[in-house]
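This report walks through one protein chain, from its pocket lining to its overall fold. Please keep the sequence and the model in view while reading.

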Amino acid sequence: MGELLADHTTLRLGGPAPHWFTHADPATWRDLARAVHRTPGRPFTLGGGSNTLAADSGYNGPVIRMATTGISTRALDHTTVEVTAQAGEDLSSLALWTVSEGLSGIEYLAGIPGTIGAAPVQNTGAYGQQIADALTRVTAYDWRTGRTLRLPPTACAFGYRTSTFKTHPGRFTILSVTLHLTRSPLAAPVTYVHLADHLGTPLATRPPLTEAANAVLTHRAERGLLIPESGPDSRQAGSVFLNPTVTHVQAVSIRTAGGPLYRGSDSQLRASAGWLLEHAGHRPGQQLAPGIRCSSRRTLTLTAVSPTTASAYAAVVGSLAKRAYNAHGVQLRPELFCMDLWP
Ligand SMILES: Cc1cc2nc3c(=O)[nH]c(=O)nc-3n(C[C@H](O)[C@H](O)[C@H](O)COP(=O)(O)OP(=O)(O)OC[C@H]3O[C@@H](n4cnc5c(N)ncnc54)[C@H](O)[C@@H]3O)c2cc1C
């Protein structure tokens, strides 16, 4: 039985997926994989659909919706606890659960929509923490060889919002993610200046776990980084562009214009994609095309506000990138994963 992709993505865009598979029970993976192998086309694995732009024409290959749940723990020593979560577990709920268990390692990921299974794909992160920091193993099915692999972080090629899962689209389905977390009442050191201000602590201090997670949730709500249940910002997929790396010359020009620059976890100098858009003439709440506008809090988030199409959305993303390039000479790259809309 097929499904409409619009019913499974937070943008609520996308046409039919006639070859639909829901993976809800880890014990049945082999049977499901066999059925997928018999279906023509490249498999597309879908989590919460919070970072996916699905085409209006839908997707003709097999779509596997990850709905497996289950968390297991194993104490490795006095301070380290191994936590394995099935791919369909909600990332934010998992982060908040680890906080409630007194485990530090993914507390700053609270509030990020989507599943833990998708988190290694773009090395999901926020406030100076990314999933790769805590990850110790990914269990993934390789569609090319038909084998289930246990991949250590070194095999995942993690980088800023990237990994081997992102650079080899369709090759792997992540079945579970294993993290090493630290038993501690304190969160990891605050490295994000706005969060430190919010907490009223200097950078590099370690706030209590619960305080850190609550501050993240409040800060995200204030900055439009949570999906509201209703209203004009409720159909969205978060940031549409990655923060780009910049050359020395571009950095000087951006800094002269008052733009923020920072060094990412990969030590590369990056500019803020949101700032680049705003200094190319865009602003929160701006209508960009019929049914598509910047979210009321963030220029970098585009919302679908009335009946619109994925191709119109993709066209707006393309024209924003062009405007930013013309204004700053910096090429913006989409953060969204697009089924058939761009490579
Ligand atoms: C309001 C909002 C705020 C956000 N804030 C952040 C943020 O702070 N930091 C950040 O990094 N991201 C953020 N995002 C983006 C997104 O939530 C994350 O990237 C999240 O990890 C995506 O999870 P998902 O399950 O929804 O992925 P989906 O959209 O379902 O999938 C995304 C990609 O991962 C692949 N994928 C999904 N599950 C699997 C699997 N089990 N195995 C293999 N491939 C898989 C898909 O094929 C697709 O290519 C935000 C999004 C929104 C809407």
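## Pocket lining

Ala, Val, Leu, Ile, Met, Phe, Trp, Tyr, Cys and Pro count as nonpolar, Asp, Glu, Lys and Arg as charged, and the others, Gly among them, as polar. The model discussed here is predicted. By that scheme, the lining of the second largest pocket splits into three nonpolar, three polar and two charged residues.

Which residues line the second largest pocket? They are Tyr160, Leu242, Asn243, Pro244, Thr245, Arg270, Gln331 and Arg333. The nonpolar residues are Tyr160, Leu242 and Pro244. The charged ones are Arg270 and Arg333. Asn243, Thr245 and Gln331 count as polar. The volume of this pocket is about 190 Å³.

## Aromatic pairs

The structure holds six aromatic pairs. One of them joins Trp29 and Trp143. Their ring centres are 5.7 Å apart and their planes meet at 65 degrees; planes over 60 degrees apart count as edge-to-face, so this pair is edge-to-face. The pair links distant parts of the chain, 114 residues apart. Trp29 sits in helix H1 (residues 29-37). Trp143 lies in the loop between strand E12 (135-142) and strand E13 (147-151).

Trp29 has a relative accessible area of 5%, so it is buried. Trp143 is at 9% and also counts as buried. Trp143 has another ring partner, Tyr141. That pair is edge-to-face too, at 4.7 Å centre to centre and 75 degrees between the planes. Tyr141 is buried, as is Trp143. Ring pairs thus link Trp29, Tyr141 and Trp143 into a cluster.

## Gly291

Is Gly291 buried or exposed? Its relative accessible area is 5%, and buried means under 20%, so Gly291 is buried. Gly291 lies in the loop between strand E17 (287-289) and strand E18 (292-294).

Beyond its neighbours within four places in sequence, Gly291 is in contact with Thr303, Ala304, Val305, Ser306 and Thr308. Val81 is 210 residues from Gly291 along the chain. The C-alpha atoms of Gly291 and Val81 are separated by 47 Å.

## Overall fold

The protein chain has nine helices and 20 strands. Its C-alpha trace spans about 55 × 50 × 40 Å along the principal axes. A compact globule of 343 residues would have a radius of gyration near 20 Å; the chain has 20 Å, so the two agree.

Buried residues make up 53% of the 343 residues. Of the contacts between residues at least 6 apart in sequence, 60% join residues at least 24 apart.

How values were computed: Residues are numbered from 1 along each chain as its sequence is written. This is a predicted model: local features need pLDDT of at least 70, side-chain atom pairs count only at pLDDT 80 or more; totals for chains, interfaces and linings use all residues. Side-chain values use heavy atoms; hydrogens and water are left out. Helices (H or I, at least four residues) and strands (E, at least two) are DSSP runs, numbered from the N terminus. Buried means under 20% relative accessible area, exposed over 50%, partly exposed in between (1.4 Å probe, protein chains only). Contact means heavy atoms within 4.5 Å. Rings of Phe, Tyr and Trp (its six-membered ring) pair if their centres lie within 6.5 Å; planes under 30 degrees apart count as stacked, over 60 as edge-to-face and the rest as tilted. On a 1 Å grid over the protein atoms alone, a cavity is a set of points where a 1.4 Å probe fits but cannot get out, and a pocket is an open set with protein on both sides within 12 Å along at least five of seven lines; lining residues have an atom within 4 Å of a point. Grid points are joined across faces, edges and corners, and a volume is the space filled by probe spheres set on the points. The radius of gyration is taken over C-alpha atoms; the globule rule is 2.2 Å times the number of residues to the power 0.38.
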